[in-house]
Amino acid sequence: MDPNFLEGLHALLLQSTANDTVQLKAATSQLNREYYRDPACVPALASIIASSPHQAVRQLAAVELRKRIQQGSGDLWMLVPHEDREQIKDRLPGLVLSEPSNLVRHSTARVIAAVAAIEIPIGQWQQLLPFLEQTCTSPTAAHREVGVYILYTVLENIVEGFENHMQNFFKLFEGLLADPESLEVRVTTVRALGVIAQYIDADDKGDIKSFQQLLPGMITIIGQCVEAGNETGARQLFDVLETLLILEIPLLGQHIPQLVQFLLTCGANRNFEDELRILSLNALNWTVQYKKSKVQSHGLAPAILEGLMPISTEAEPEDPDDDAPSRSALRIIDCLATSLPPTQVFPVLRQLIQQYFSSPEPSYRRGAMLALGVCVEGCSEFMTPLMSQVWPVIEAGLRDPDATVRKASCVAVSCLCEWLEEECAAKHELLIPTIMQLVNDPVTQRPACTALDAVLEVLGDKIEQYLPLLMERLVGLLDNAPIPVKSVVIGAMGSAAHASRDKFLPYFQPTMERFKHFLVLRGEGEEQELRGITMDAVGTFAEAVGKDVFRPYFADMMQQAFEGIQMGSARLRECSFLFFSVMSRVFEDEFAPYLPNVVPSLIASCKQPEQGDDDALSVANPEAAASFASGSSPANAITITDDANGNVNMEPEDIDLDKMLEVNSTICIEKEIAADTIGALFGATRAHFLPYVEECTLELITMLPHYYDGIRKSATDALLETIRTFYELSEPQEWQPGAKSNVALEPRVNALINHVLPPILEMYESEDNKKVVAGLCVGLAETINKVGPALLEKRLEQIGNIASQILDQKAICQQDPDQDESEEAPEDQAEYDSMLISSAGDLVAALANVLGADFAEAFKSFYPLIAKYYKKSRSLSDRSSAIGCLSEIIAGMKASVTPMTETLLDLFFRALADEEAEVQCNSAFAIGLLIEHSALDLSVHYMNVLASLRPLFVVSPDAPHARFNARDNAVGAVARMICKNTAAVPLDQVLPVFFEALPLKNDYLENTAVFRSIFHLFRTLPSALHPYMDRLLAVVAYVLDPSGPEQVSEDIRRELIALVELLNREDPSKIQAAGLGPFVPGA
């Protein structure tokens, strides 16, 4: 070896460790230019590791040697003379054992792993494994630490080369897990097992069994790290645990109960550091998410909840971004509620909430209210009939003597409003006055305003009685409240406008004047948030008051939105995009002139990187270089430079992975909003958007494989919206149902569909997020119903398989590796799972609607998949959506449903006897459609049908909304029976009940069936209607009232007016008395 080369290399490495950026840059440049491209640098660096007196130089030499060996997949290493390579391989193990610095040992171990990755796959370096086994069993703890670390790093690189050694490894690791002296040996062994776990095959039953036998020891070592306060080791081992949880091989299955108990015990132990408790609780959260079938089958939810509730009572930090055990505990309660059947979560949690809320300790009452709030998302349907027991707790919480409990109660109200809109709106007399009192109290002002915002959002026209007082109080807060409170106040004003619509007009202009100075704020943090929320509220105002009233502000507000985009804030860009979306809906064609500026900003948002400024990694800073030179610890010793190939140079051990892999969630949300906005703009501006369709479509397609599920969902929704809008603009001919399309798609529409659908359908094949898949099903259904049979050509089987897989609970997003393929999925499931099933039902219904009679064969396969969701043991959502789906299928298939008539009739009779109004509602609709469309004469069943429908006509004034819907659908069913076979209906008994239920007040779609039956009776049996003429005329006046909502189709309206004209000839006085005079032609 050339001594000058070696000396020059050493000098430059020493210069690189100096705390001087200029020297560092110069040395790095010279090293890349003169040394690192020469194979001679490999033995030279190895020599420096062995001989340099400077620890920092030995460390840097090890880092650089690893990279030179890995460079070009080992090309530079193979250019080193064979004799030198052999010498390096002989020396490296000894160097590691004799090196005094732990940091240098670790970096040199990675050099060994890099060499092994090249040599072992080609049958070389056979001496390495015996050396490692010998070192791992050395009587010297330091040697064992080095040996197992080298083995760990080698396994990370080339585990495939060691398949035949797996059982030997398990035996070796069994001993190392019980190392009597060194926690480091035990920790590294668990890390090595985490690597091996990723390469165990599902068919390797022996390896799986051997691994599982080591799990209790692995869990014990995690506990040792936590007890010792070893945060670094604990983080590493919790990472291993997360890996084991997400693997498709069920390695943890039988140990889940013990693992849950261990994590819960660690998380609850207040003697441990908060950081370590949070790690334990986060791991418990992963366990619930990834192993929910085991958590469910073992019935672990009650024990988990009982362990979490005491943690939820602990103090919370002031900063909402800071984590704490109490927040981790509440996250797990949320996860339990959304992942497991509510039957396993809410009954137990309700008892705990009542118990804790009865405590004299305010922290217990606060924990109870927060637990109630976080569980609503996953248990809302299950909670609905129990809300009469929940409201007294909420009321007491809002009036609690302790401010922290009142704040928590406001949080609970906000959650309830999001998921139980009708129930909360009905409680306005309790909520509004009570929350307004809390708004007046500075201590509870901010959470109270947030709760008020949520209540107003769902209040609808009930807001009128409160609007003057609300606006007076909220406007007053804008003058003197702190900025964070102003933000929530403005949000509440936006919700007030949303609920009151045109009733907001008197407040619109004065409020806009007050908002002006918030829209020009340029500060960061709170000011930025205030500006963004104000922009959101202004958009809501525009929708409330309409474009004519808002037009004077339109241009100026658009300018403010554009300025927000330029301010370098993801949050403000998000608010601007939402504003553009709203403005396009409100102004439609008038928005078009802004598209040339808006669309490029959306595309730029979609294209931006999420890791922050890439340049931040290009130069090592002096502080990092100083830490590196001192070799103080792996966590601090980070040097970041660019090599000649533009690679970022970092030693894997020395990286703060949380920092490096942290995704900028605000940018992800911004991209999600940008994608949504693209779809909304095309839908609103129509032909004006055509010049941008191609570029936007291509960009949205690139977002389909994104790791963030919100972006995948938004991109999918926007792409399907693009297809629908593009199709509508092509002026298509009306299609007829059938497997073969009767009309061809316009070529450009066809090209767009062929470009967009394949990547969307490909995304589904690997999609593991239920919300994304549910959104895909709903979007596909809407698009199929719009475009018709042409969209299904060559794709029918693929799209049909999506629906059947989901209904059969075999989709990727429904898979649980701990569940055997032969094992039936549990009937009791989380509410989010039910939502997914319902969306698949929408997709099947769309196929039936578009295929018509050609769906008959497919229906034989789909029927059992759908009908299994109507069982008493299934949730309300499952039962309701199953019957609703079948009714939509009948509407699409029409007479071709005939062969299934008896089977369906039997199911619908059972469903009509269901205790839930929502199911009865869908059942009444379904049985009416079946009678209407089946070619079988069902008149023999008429009396049974009428008897089953009769209870639905009895509705008390304070009954839930679903009861009124059920009555309307029962009326529609009777109307269809009258049209199908009038003689089989005992009109003298039926018509009094029928007319008493009119006019329909909820489901106006059933008016078509109702009036067709009345027209039918006028034509065939007018005498039957004579006793009900006064009632009938009042009903007609009600549905034709121009001041009311649209209640009938244009066809029905024309027939009703013709009927009014006819009856006017017979008795004009009755027509005038009913208020129908204006509808008489020529009046």
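Okay, let's start with what's missing: between domain 1 and domain 2 there are zero salt bridges, counting a side-chain nitrogen of Lys or Arg within 4 Å of a carboxyl oxygen of Asp or Glu.

A quick word on the model. It's predicted, so local features need pLDDT of at least 70 and side-chain atom pairs pLDDT 80 or more, while totals for chains, interfaces and linings use all residues. Numbering runs from 1 along each chain as its sequence is written, and side-chain values use heavy atoms, with hydrogens and water left out.

What does turn up across that interface is four residue pairs in polar contact, both residues at pLDDT 80 or more. That's N or O atoms within 3.5 Å; within protein, one has to be able to donate a hydrogen and the other to accept it, and sequence neighbours count only if both atoms are side-chain atoms.

So who's touching whom? Domain 1 is 869–1011 and domain 2 is 1021–1082, with bounds from an automatic or database domain assignment. Their centres, over C-alpha atoms, sit 26 Å apart. Domain 1 puts 14 residues in contact with 16 of domain 2, contact being heavy atoms within 4.5 Å.

Now the area. The two domains bury about 1,300 Å² between them, with 76% of that on carbon and sulfur atoms; this is accessible area (1.4 Å probe) lost on putting the two parts together, summed over both. On the domain 1 side, Phe-995, Tyr-1004 and Phe-1011 supply 49% of the area buried against domain 2, more than any other three residues.
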